[in-house]
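Grab a coffee and open the viewer. Below are some short exercises, each with a solution worked out step by step.

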4 protein chains.
Amino acid sequence: MSKVIKNGTIVTADRTWKADVLIKHDKIEAIGPDLHGDHEFDATGCYVMPGGIDPHTHLEMPFMGTYSADDFESGTRAALAGGTTMVVDFCLPAPQQSLLEALQMWDNKTSKASCDYSFHMAITWWGKQVFDEMATVVDKGIPSFKHFMAYKGALMVDDDEMYASFQRCAALGALPLVHAENGDVVAALSEKLLADGNNGPEGHAYSRPPEVEGEAANRAIMIADMAGVPLYIVHVSCEQSHEAIRRARQKGMRVYGEPLIQHLTLDESEYFDKDWDHAARRVMSPPFRNKMHQDSLWAGLSSGSLQVVATDHCAFTTKQKRTGVGDFTKIPNGTGGLEDRMPVLWTRGVNTGRLTMNEFVAVTSTNIAKILNMYPRKGAIVEGADADIVVWDPKRKKTISAKGQQSVIDYNVFEGVEVTGAPRFVFTRGELAIEESKVEARSGHGEFVPREPYQAVNRALSTWKEITAPRKVERTGIPATGV
Amino acid sequence: MSKVIKNGTIVTADRTWKADVLIKHDKIEAIGPDLHGDHEFDATGCYVMPGGIDPHTHLEMPFMGTYSADDFESGTRAALAGGTTMVVDFCLPAPQQSLLEALQMWDNKTSKASCDYSFHMAITWWGKQVFDEMATVVDKGIPSFKHFMAYKGALMVDDDEMYASFQRCAALGALPLVHAENGDVVAALSEKLLADGNNGPEGHAYSRPPEVEGEAANRAIMIADMAGVPLYIVHVSCEQSHEAIRRARQKGMRVYGEPLIQHLTLDESEYFDKDWDHAARRVMSPPFRNKMHQDSLWAGLSSGSLQVVATDHCAFTTKQKRTGVGDFTKIPNGTGGLEDRMPVLWTRGVNTGRLTMNEFVAVTSTNIAKILNMYPRKGAIVEGADADIVVWDPKRKKTISAKGQQSVIDYNVFEGVEVTGAPRFVFTRGELAIEESKVEARSGHGEFVPREPYQAVNRALSTWKEITAPRKVERTGIPATGV
Amino acid sequence: MSKVIKNGTIVTADRTWKADVLIKHDKIEAIGPDLHGDHEFDATGCYVMPGGIDPHTHLEMPFMGTYSADDFESGTRAALAGGTTMVVDFCLPAPQQSLLEALQMWDNKTSKASCDYSFHMAITWWGKQVFDEMATVVDKGIPSFKHFMAYKGALMVDDDEMYASFQRCAALGALPLVHAENGDVVAALSEKLLADGNNGPEGHAYSRPPEVEGEAANRAIMIADMAGVPLYIVHVSCEQSHEAIRRARQKGMRVYGEPLIQHLTLDESEYFDKDWDHAARRVMSPPFRNKMHQDSLWAGLSSGSLQVVATDHCAFTTKQKRTGVGDFTKIPNGTGGLEDRMPVLWTRGVNTGRLTMNEFVAVTSTNIAKILNMYPRKGAIVEGADADIVVWDPKRKKTISAKGQQSVIDYNVFEGVEVTGAPRFVFTRGELAIEESKVEARSGHGEFVPREPYQAVNRALSTWKEITAPRKVERTGIPATGV
Amino acid sequence: MSKVIKNGTIVTADRTWKADVLIKHDKIEAIGPDLHGDHEFDATGCYVMPGGIDPHTHLEMPFMGTYSADDFESGTRAALAGGTTMVVDFCLPAPQQSLLEALQMWDNKTSKASCDYSFHMAITWWGKQVFDEMATVVDKGIPSFKHFMAYKGALMVDDDEMYASFQRCAALGALPLVHAENGDVVAALSEKLLADGNNGPEGHAYSRPPEVEGEAANRAIMIADMAGVPLYIVHVSCEQSHEAIRRARQKGMRVYGEPLIQHLTLDESEYFDKDWDHAARRVMSPPFRNKMHQDSLWAGLSSGSLQVVATDHCAFTTKQKRTGVGDFTKIPNGTGGLEDRMPVLWTRGVNTGRLTMNEFVAVTSTNIAKILNMYPRKGAIVEGADADIVVWDPKRKKTISAKGQQSVIDYNVFEGVEVTGAPRFVFTRGELAIEESKVEARSGHGEFVPREPYQAVNRALSTWKEITAPRKVERTGIPATGV
Ligand SMILES: [Zn+2]
Ligand SMILES: [Zn+2]
Ligand SMILES: [Zn+2]
Ligand SMILES: [Zn+2]
Ligand SMILES: [Zn+2]
Ligand SMILES: [Zn+2]
Ligand SMILES: [Zn+2]
Ligand SMILES: [Zn+2]
């Protein structure tokens with residue numbers, strides 16, 4: 001049974017042209033003029049784009065005895081509703097837990113996913129077992145490893161462990177990711193703020209200034225350079241870490257930066273809201289920054305120093321957020337965004353001219369697929385690719401609201417934002433999931449997408465590092481030791 | 001009559017995969033496994049890539065009563081021999097000459113071209129006629145205009161004229177290019193050097209220090225920003241102009257930078273050679289720089305702050321160079337490179353791991369086609385594109401030498417450089433032009449490639465500039481004038 | 001007849017200590033504990049500092065058939081009232097006018113000066129006469145030359161002229177200064193704004209964006225580097241020009257930057273005021289910028305990339321400002337500040353901890369005296385120095401207002417600003433001029449302060465440039481010319 | 001009994017003038033024309049400057065069961081011979097050792113010092129005792145604390161401890177110093193190099209690349225910023241850490257950088273010498289870098305982003321160095337330089353025009369005295385100051401050699417360097433110690449120089465940090481906790 005998307009304009013990361021798209025089963029079968037199939041979907045006035053990929057989500061993430069509110073069911077439904085057809089979630093082993101065992105646990109959560117997914121594996125502790133299991137994790141199609149430089153006493157790893165893990169990544173052709181904030185300093189600042197009675201949600205922002213993020217980004221970059229491996233820095237929120245990335249790239253280092261849609265469009269004034277709930281709902285790490293930082297991030301997207309836009313979707317209900325009344329360090333960190341990323345980025349980016357449509361596709365989908373090495377199966381409108389497609393109606397208007405959203409939480413950090421540009425249709429591996437406001441996502445449809453190691457950039461960098469490796473000076477007549 | 005390239009690995013700017021390529025007439029007809037056609041070309045062990053595009057050549061350029069030695073015949077043959085299947089040359093109107101008349105003169109030179117070509121139109125003077133004719137030039141398929149900030153008293157335009165022309169470009173959806181060196185300062189330094197008896201070829205380098213280039217690049221960027229138009233800076237040779245580009249891009253400005261293969265690999269020590277001819281043959285503007293600048297340029301290519309690699313091919317014989325004996329300002333500026341650009345870049349870039357193969361394709365072909373708005377007709381391996389294809393043998397070795405080169409000049413600035421990686425076959429619009437060392441380029445085969453204005457980036461920038469344009473403050477009660 | 005300042009704490013650019021100061025005639029005679037003299041002035045609780053020096057004023061400046069409102073009488077009285085004991089004004093020759101003749105005209109204006117003064121000579125045109133007279137100007141004690149890169153068609157010089165003049169400065173051991181804005185672009189933007197009906201005072205700000213200033217600063221720096229001479233950039237108002245300065249200094253170039261007290265503390269929102277007069281009164285070049293730029297300037301002062309704080313005092317009455325009703329290009333450019341510079345800088349700088357007291361002295365006095373080569377006659381509390389002294393009461397409070405100010409104009413751009421820190425006594429060459437709010441400035445007391453050329457930095461730079469000058473490559477066997 | 005230095009030209013950090021200097025006992029009694037005293041010293045043709053201060057030495061430093069070869073006797077004699085009249089050494093408590101006990105041990109070593117000295121106290125471990133004793137250390141006149149970010153398993157402290165100690169410094173008005181190299185990464189790289197058989201002295205350099213230093217500098221800066229305290233980074237050897245310093249200063253942060261004379265003038269090629277001893281004698285941390293880094297450091301000195309020049313004098317004999325045959329990690333780290341710092345800096349800096357004479361005085365003496373808060377007792381030619389004076393003969397020539405040097409070691413890293421500019425006389429607290437090549441240093445003459453906390457910059461920064469401290473948002477209606 002075939003489907004055809006007709007009369008649309010295809011927009012990919014590299015070009016824009018009018019053509020129909022024929023889908024057979026779960027694949028793109030043909031692209032060209034005047035195609036026909038069993039079902040025809042009218043894309044008149046619309047852009048036909050690769051479905052979005054969110055490289056950074058936390059669905060059903062364990063947290064202090066509870067879980068982040070959106071699981072793979074509501075989370076992937078929200079994704080699809082916003083034009084995103086794949087998510088990459090984080091598998092977080094507990095200290096001393098086997099990576100493989102954790103992976104099994106995470107895999108169990110995905111049975112109700114309605115769109116495709118992959119994982120990043122987190123390195124939350126270090127030891128021979130971790131070293132060994134990393135190879136198996138790569139073999140299972142997960143060649144990307146996350147490292148937390150913050151969350152001291154919990155997920156945080158130190159420089160030693162990070163260097164060891166990055167070297168292991170280099171050897172396995174895998175990509176290390178980091179959450180970049182100096183955990184020691186965040187912990188110390190938090191303690192001081194609480195001691196000073198500064199216990200409200202704004203204290204969370206005070207405890208994680210831009211300099212603290214920039215420092216960690218800078219440190220991770222150096223360690224990756226020494227280990228000879230590319231690096232991916234998640235949720236780049238500020239000029240400081242962005243500057244570290246630019247500085248590294250200008251030395252030929254291979255570093256990627258991921259801003260979130262939240263940091264691109266929301267600012268720190270949210271934390272100063274007089275309503276505790278309002279402020280607490282926006283608590284995430286890193287916190288929102290000011291407009292100067294936003295300008296920096298937008299420029300990074302258009303200039304290529306930042307490559308992708310994510311959500312770090314990690315939704316907690318107001319009730320869960322209230323755990324932190326009287327102590328901001330207990331407010332669960334995270335906000336939603338899966339349903340909103342693409343419409344908000346389109347509205348604030350493409351409609352203003354900050355991004356071209358092609359750049360929009362690149363940062364929401366194609367670049368992610370390339371960096372995570374699943375291109376062009378994902379991230380492309382090309383024959384043979386998975387039919388993950390969004391038919392984007394640039395005239396479609398909507399005011400974002402928690403009412404009617406797919407996420408199960410009771411608010412939305414983008415509440416009231418008016419967007420122009422939203423999906424008319426969304427296909428996930430060939431199945432229609434969204435038709436305007438009608439959500440037909442099918443729970444259980446989503447599948448795991450295995451990825452290969454040794455992406456081209458990894459290999460090139462290894463070559464360069466080999467060529468420029470330290471060379472021993474050959475000497476004769478070395479004296480006897482002085483001892 | 002069809003051709004098939006079999007058993008190769010296709011390498012494009014965005015991916016690498018095994019497939020055959022079927023060519024029918026001058027177009028790519030199909031891409032896929034197991035294709036067949038009338039003629040089959042074996043690409044076993046090879047990469048099948050879009051033919052190179054050189055965005056910057058000067059063939060048969062008039063100069064002091066003579067012409068640059070390579071014309072469209074030998075020049076395009078050299079291009080093909082090195083895997084380049086299209087050149088973009090510069091049409092240079094004389095002062096007060098009609099742009100259209102000049103274009104006619106340039107067009108006349110192209111009858112023997114053996115590969116496709118396009119033009120950039122130079123703005124060498126300013127007036128209502130130029131303003132008006134720019135529209136016609138764009139209509140004729142040439143939406144890019146070159147501006148010389150150096151060559152005082154000849155090609156140079158001043159800030160006023162540049163701003164006026166850039167504004168005109170913005171209105172026409174065209175792309176301004178600049179040769180960035182401060183012509184006033186170059187002239188004054190040259191005069192001083194000659195007065196000091198510093199008249200050798202090294203004086204040429206002394207007269208054009210990196211700071212002088214960086215200043216001009218910085219100025220052109222500001223003017224483009226004020227005019228609201230993207231900018232393309234040709235022959236970026238040094239950290240100073242590269243820094244200006246990076247700084248601009250980080251503010252969201254749309255600026256492109258083009259290093260030459262010469263500046264990436266040759267350094268200033270060439271000018272200190274004791275052999276006058278050796279030094280004079282390397283005289284070009286900007287001059288070669290030191291290793292630190294080379295590192296900067298390479299990093300620009302991998303990080304994306306520089307996008308394309310050109311040659312500025314403008315070949316003069318030793319005899320022509322000797323015009324400048326006793327006065328370096330009379331040495332004709334220019335070096336060759338058309339045949340060498342791709343093998344040298346592959347050897348020094350891909351073989352060392354500084355660039356991936358995909359990045360190689362991007363900077364030699366695809367990015368150029370995109371920026372100059374002729375993608376994917378050129379710069380792509382995609383169905384329907386022109387069959388400009390190079391089958392690249394990564395094992396093929398060669399020592400570059402003037403002996404046997406296609407260029408008509410009697411030397412080669414890369415003399416003695418050993419390359420690994422060269423074309424096995426080169427196709428230009430479906431015709432086989434090169435088979436290893438056999439050159440079958442057909443004079444007259446090349447055609448003009450018209451290009452459209454209003455590339456996506458131009459349009460996006462215009463939107464942003466409109467949104468952020470100065471807004472008048474509405475006031476009541478304005479006082480009477482004080483006069 | 002002697003005077004003693006007793007019980008104060010001396011604060012200089014390099015230290016802070018308790019001592020009395022004995023003045024004999026116009027000089028500092030002694031510094032130490034327990035000094036006595038004919039008149040004693042109690043400095044208990046106060047800081048005894050070198051009198052301020054304003055390196056940038058325009059008193060009685062000719063403008064469109066009228067003059068700036070404050071002349072050397074009211075201007076120097078305002079200076080003294082605010083703790084400033086010397087001003088450096090600009091002599092502006094008309095096109096083709098002899099520098100010496102202009103100097104005579106300017107000198108005539110100074111007869112009523114109540115504090116000491118010097119001049120910078122402006123290079124407003126170029127020719128053999130100017131070249132020759134520059135030597136005489138230096139001989140007369142004026143080794144600093146101003147160049148306007150803006151005010152096209154009036155004061156502006158082009159790159160050629162600037163380079164020639166800078167080279168002449170290098171030879172004479174003089175210091176070039178620049179007003180850095182790209183005059184061509186300002187003119188074109190102004191024209192466009194007016195054409196769009198954008199004729200209010202905010203149009204002035206729109207016509208001179210930070211990028212336009214930064215470009216000119218960058219260009220002047222390159223030209224100074226090529227000429228081998230230090231450079232002083234007046235009224236650095238924004239990050240763009242400051243960045244250019246920092247970048248230059250980090251290459252070892254000798255560049256100074258002068259922010260104004262206005263740009264440090266007032267921002268662009270003033271131009272959006274609904275009251276035309278309010279906005280027009282703030283029209284100056286460069287215009288006020290936003291807070292980000294202010295932060296940049298403050299950091300420059302504490303880090304040493306910016307060295308001095310001036311006023312560019314050039315006061316016009318509201319009536320004069322109204323000349324520009326309906327056409328912002330006709331609003332006379334300039335604001336006052338002489339009386340306010342030191343109290344405002346103290347309040348916003350020292351009281352907030354952005355500057356130490358020593359840094360305050362450095363940027364208001366000592367650095368200026370050093371750069372302009374009149375240290376320690378001026379700018380120091382040292383035996384033998386001119387007794388230009390301010391006894392600063394850090395507790396003294398005042399709300400700045402046009403009411404009661406010394407300037408003759410009818411408003412004050414700092415109206416309503418509350419300052420803490422103001423002079424208790426001000427001495428000019430040993431004479432008491434100010435005692436709290438009592439002004440006893442004596443018209444005619446001020447004298448011209450001649451300055452020497454070849455400041456230490458000029459000499460060092462010349463040495464370095466000589467050592468690193470281009471060296472001719474000696475060759476044999478140079479071929480015959482190709483002609 | 002008085003002494004007069006006659007006929008010289010006094011050169012201080014802020015000016016240059018002809019005057020005699022009268023010394024009475026250990027102090028400068030008078031400065032002026034035509035002074036007389038019991039002994040007259042002819043300074044005709046010479047510059048009379050404040051004696052040098054070396055802010056960074058390790059005399060008789062315990063190391064692996066032995067000691068650095070120069071103790072306070074030979075070390076201070078070497079200092080005086082080169083025009084340096086004060087050293088600041090590092091007191092290094094063993095793990096868990098009382099700071100006060102360590103201080104006693106260090107104090108014991110100083111009995112034979114022939115010039116004045118002070119200490120920095122190292123924080124090598126952390127605990128309540130250290131926290132408490134820091135106050136006592138400050139009370140004893142030592143308000144500066146050193147932190148090692150390298151030497152893992154020995155002196156190294158982690159971020160937590162550093163933050164705690166920096167906060168303590170802020171509270172005590174003290175200045176933290178750091179040795180900035182990432183110790184974890186150095187250890188890992190060293191291990192890898194040794195494993196690869198890369199065990200020669202060049203391995204030392206390979207194990208400590210510039211990026212590793214830059215990272216640590218950047219991290220220390222962030223931590224100091226969070227703690228609200230100025231920071232002093234010792235032995236800044238490369239552009240990477242210098243860049244971090246500049247970036248910080250441009251944000252208004254108060255950071256000082258100290259290049260060594262070695263890094264300014266010697267480069268990494270020394271480690272590639274075929275003679276093992278030659279290379280090993282140059283082993284120090286950070287290692288020598290290339291010319292690009294040297295240019296950066298020189299520019300830092302003239303632009304003010306780096307403030308002082310030190311030696312890190314820590315001399316080991318060839319025999320001691322040979323402990324590391326077969327394992328570079330066992331080569332004792334350190335080189336000499338006390339006798340050579342000033343002549344080499346003068347020759348390479350002042351004689352080339354890279355520095356003015358005043359800047360020479362600033363970076364070798366005055367800035368150090370200011371930053372370490374003992375100005376103008378030290379670092380000044382001013383009445384009442386300690387008579388630590390060098391009479392500098394700018395014509396005096398010398399070829400540096402181990403033969404005849406004051407240091408007890410058997411080589412000199414500057415062997416063969418020709419200097420022009422050396423002391424004619426050196427006075428230490430009024431006593432003549434050096435007369436050209438005659439050394440009359442008197443062992444035991446040197447005294448401890450106590451220093452005060454709360455330098456002006458500390459106080460200013462504290463004010464600024466207080467003003468900009470996080471403010472709690474006052475809220476009503478805070479919800480009940482969600483738990
Ligand atoms: Zn995170
Ligand atoms: Zn996350
Ligand atoms: Zn050119
Ligand atoms: Zn060219
Ligand atoms: Zn001005
Ligand atoms: Zn002015
Ligand atoms: Zn150290
Ligand atoms: Zn040390």
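## Exercise 1: the A–D interface

Across the contact between chain A and chain D, 10 salt bridges turn up. Keep in mind that this is a predicted model.

**Task.** Work out how many residues of chain A and chain D are in contact, and which helix of chain A gives the most to that side.

**Solution.**
- Step 1: start with the head count. Chain A puts 59 residues in contact with 59 residues of chain D.
- Step 2: get the area. About 4600 Å² is buried between chain A and chain D, and carbon and sulfur atoms give 57% of it.
- Step 3: look at one of the salt bridges. A:Arg475 pairs with D:Glu202, with the closest N and O atoms 2.8 Å apart.
- Step 4: add the polar contacts. Between chain A and chain D, 26 residue pairs are in polar contact.
- Step 5: find the elements behind the side of chain A that touches chain D. Those giving two or more residues include helix H4 (159-172), helix H5 (183-195) and helix H7 (210-227) of chain A. H7(A) gives the most, with nine residues.

## Exercise 2: the symmetry of A and D

**Task.** Find what kind of axis relates chain A and chain D.

**Solution.**
- Step 1: superpose the copies. A rotation of 180° with 0.0 Å of shift along its axis puts chain A on chain D, at an RMSD of 0.0 Å.
- Step 2: name the relation. That rotation is what a two-fold axis does.
- Step 3: check the contact residues. Both copies use the same surface, since 100% of the contact residues of chain A recur in chain D.

## Exercise 3: the D–C interface

**Task.** Work out how many salt bridges the rule finds between chain D and chain C, and which helix of chain D gives the most residues to that side.

**Solution.**
- Step 1: count residues. Chain D brings 37 residues and chain C brings 37 residues.
- Step 2: take the area. Chain D and chain C bury about 2700 Å² between them, 51% of it from carbon and sulfur atoms.
- Step 3: count charges that meet. The rule finds two salt bridges here. One of them joins D:Arg254 and C:Glu359, at 2.6 Å from N to O.
- Step 4: count the polar contacts. There are 12 residue pairs in polar contact between chain D and chain C.
- Step 5: pick the helices. Helix H8 (239-249), helix H11 (291-303), helix H14 (357-371) and helix H15 (456-467) of chain D each supply at least two residues to the side touching chain C. H15(D) gives the most, with seven residues.

## Exercise 4: the zinc sites

**Task.** Identify the protein donors of the zinc ion (ligand 3), and explain what parts of chain B they tie together.

**Solution.**
- Step 1: list the donors. B:His179 (ND1) and B:His235 (NE2) lie 2.1 Å from the zinc ion (ligand 3).
- Step 2: place them. B:His179 sits in strand E14 (residues 175-179) of chain B and B:His235 in the loop between strand E15 (231-233) and helix H8 (239-249) of chain B, so the pair ties together parts 56 residues apart in sequence.
- Step 3: buried or exposed? Both B:His179 and B:His235 are buried.
- Step 4: look for a neighbouring metal. The zinc ion (ligand 4) is 3.4 Å from the zinc ion (ligand 3).
- Step 5: repeat in chain C. C:His179 (ND1) and C:His235 (NE2) coordinate the zinc ion (ligand 5) at 2.1 Å, and both residues are buried. There, 3.5 Å separate the zinc ion (ligand 5) from the zinc ion (ligand 6).

Key:
Residues are numbered from 1 along each chain as its sequence is written. Chains are lettered from A and ligands numbered from 1 in the order in which they are written. This is a predicted model: local features need pLDDT of at least 70, side-chain atom pairs count only at pLDDT 80 or more; totals for chains, interfaces and linings use all residues. Side-chain values use heavy atoms; hydrogens and water are left out. Donors are N, O and S atoms within 2.8 Å of the metal (3.2 Å for Na, K and Ca); water is not among the atoms, so sites may look incomplete. Helices (H or I, at least four residues) and strands (E, at least two) are DSSP runs, numbered from the N terminus. Buried means under 20% relative accessible area, exposed over 50%, partly exposed in between (1.4 Å probe, protein chains only). Copies are superposed by least squares on the C-alpha atoms of residues with pLDDT of at least 70 in both. Contact means heavy atoms within 4.5 Å. Buried area is the accessible area (1.4 Å probe) that two parts lose on being put together, summed over both. A salt bridge is a side-chain nitrogen of Lys or Arg within 4 Å of a carboxyl oxygen of Asp or Glu. A polar contact is a pair of N or O atoms within 3.5 Å; within protein, one must be able to donate a hydrogen and the other to accept it, and residues adjacent in sequence count only if both atoms are side-chain atoms.
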